[in-house]
Amino acid sequence: MTSAVIANAIVNLCGVIGLGVAMLALCRRDAQSPLTRRLVIALGIVALLFLVRSTAWLTGNSVLDDLSVIPAAAIPFGALIVTEGLLRRHAPRAIKLAVIAGGVVLGIGGALGLERFETPYAIALMLFQLGGFAACAVLLATRNRKSLMASENRSIGRMTIGAIVVLPFIVTDFGALMPSMPVKLGALGALLVVTAILIAGSSGEARWHGVQLTALRLVSSACLGLATAFVAGDVDAAQLVRFCAIAVSGVLTIGLMADMLRSYLESRVPGVLGSVASSSATSRDQLIAEVLRHPLFESARRYREDDLAAYDPVLLRLRLADHRVLRRVDAPWGHPPVDPAVERLVSLMAAVSATHLVVLSSDPVDILALVVPVTSADPATETAIALVQRILIMAEASAPAHTAA
């Protein structure tokens, strides 16, 4: 078994795993959506191709190699049903018939071993796949934008860009046309597309974070592949490409699995904002009690004016009125360090070893002294603390109206 066969098999197995994870992620988001079902079918066709093909290469089974052409010929059908789902309308009958008829003819031809007419068959299959993608691109480009929501139009734009990016990767899979290609990159292109699909389904800020994280994974994995290649002996340019392809495919697959597992674990243990959102509390004090049971706030202690008599609550009111959350690392919070109120607040935080003071009320003084370990002090935690403070303040503001009702 040559290094090229091994590299091709590894990249395709990574594609199988990555596509499987993407299918699970899409089902977790909205399993009942018609578009989700179409995406899962399309990704399943591509995953089946990678699975059959990699198994055939690893086992040297020529029958499986011939059968792998069936899912390959069905890929334009998968692309067409996704296009229909995005547009929320049927494609023209002529395009449907062409995609189905071409898939059946080429699939049966591959199963019967006609692929052994290497170059003509490879050209026919490649032109059929590219023609199917081109037809889908035309349908998307000529869509009635006014009939779709702005978010749907943006998603279609991103999907179109993703399809254009993946086309060069697909061409490398046709060995008869590109015999000198060190490794088939179709599976790598598929991993990039599903990563883009999952990122596009996120919120604006999360989407930008996803793009940055994906860029970091691509660059770091390519560097890892280069470093690994130089460790091995007698490395030529082809081997260098294979090492990089394996590293990038592996890191993208591991990233998809890690993101999926993190999402699953977070859904099992809701964060503090999720706990507040699902709370059955009917009063502000009950809501505070539930917040204090969350791990992030389990170290918190509540101090009212009577508890702060030694710290001159009248002075504290003046400073607490200007702040929602005080972090110890930000002291003196824009005020002179010798300000009496600042000195008392710093002293209070030192006395109770607090890293944050969450202001529930400035008049009368009502605060939560909170200890956030340095291992948990990240921007997401700071945002969660600030949002909980706002929710508790709003709960206090709405309490009289609720009571009157």
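**Close-up views of a helix and a four-stranded sheet**

**View 1. Buried side of helix α5.** In α5, the buried residues (under 20% relative accessible area, 1.4 Å probe, protein chains only) are V99, G102, G103, L106, G107, G109 and G110. Looking down the α5 axis, these residues fall within an arc of 160 degrees, so they line one face of the helix. The arc is taken from the directions between the helix axis and the C-beta atoms. R93, A94, L97 and V105 are exposed, on the face turned away from the buried side; exposed means over 50%, and partly exposed lies in between. Helix α5 covers residues 93–111, 19 residues in total. From first C-alpha to last, α5 reaches 27 Å, close to the 27 Å expected at 1.5 Å a residue. That expected span is 1.5 Å times one less than the number of residues. Helices (H or I, at least four residues) and strands (E, at least two) are DSSP runs, numbered from the N terminus.

The model is predicted: local features need pLDDT of at least 70, side-chain atom pairs count only at pLDDT 80 or more, and totals for chains, interfaces and linings use all residues. Residues are numbered from 1 along each chain as its sequence is written, and side-chain values use heavy atoms, with hydrogens and water left out.

**View 2. The open sheet.** Four strands line up in the order β1-β4-β3-β2, with antiparallel pairing. Strands count as paired if DSSP finds at least two bridges between them. β1 (301–304) and β2 (325–327) are the edge strands, each with a single partner, so one side of each has no neighbour in the sheet. On average, neighbouring strands are turned by 20 degrees against each other, direction ignored. Axes are lines fitted to C-alpha atoms, for helices over the stretch in contact, and angles run from 0 to 180 degrees between N-to-C directions.

**View 3. Strand pairs.** β2 pairs with β3 (residues 356–362) over three bridges. There, L326 has L357 as its bridge partner. Six bridges join β3 and β4. V358 stands opposite L368, and S361 opposite D366. A hairpin of two residues connects β3 to β4. β1 and β4 share four bridges, with R302 opposite L368.

**View 4. Burial of the central strands.** Six of the seven residues of β3 are buried, so this strand is largely enclosed by the rest of the structure. For β4, six of the six are buried, so β4 is also largely enclosed. V365, I367 and A369 point one way from β4; D366, L368 and L370 point the other way. In a regular strand, side chains alternate between the two faces of the sheet.

**View 5. Helices on the sheet.** Helix α13 (residues 313–320) touches β2, β3 and β4 (365–370); contact means heavy atoms within 4.5 Å. Its direction makes about 75 degrees with that of β4. Helix α14 (residues 340–351) lies across β2, β3 and β4, at about 125 degrees to β3.
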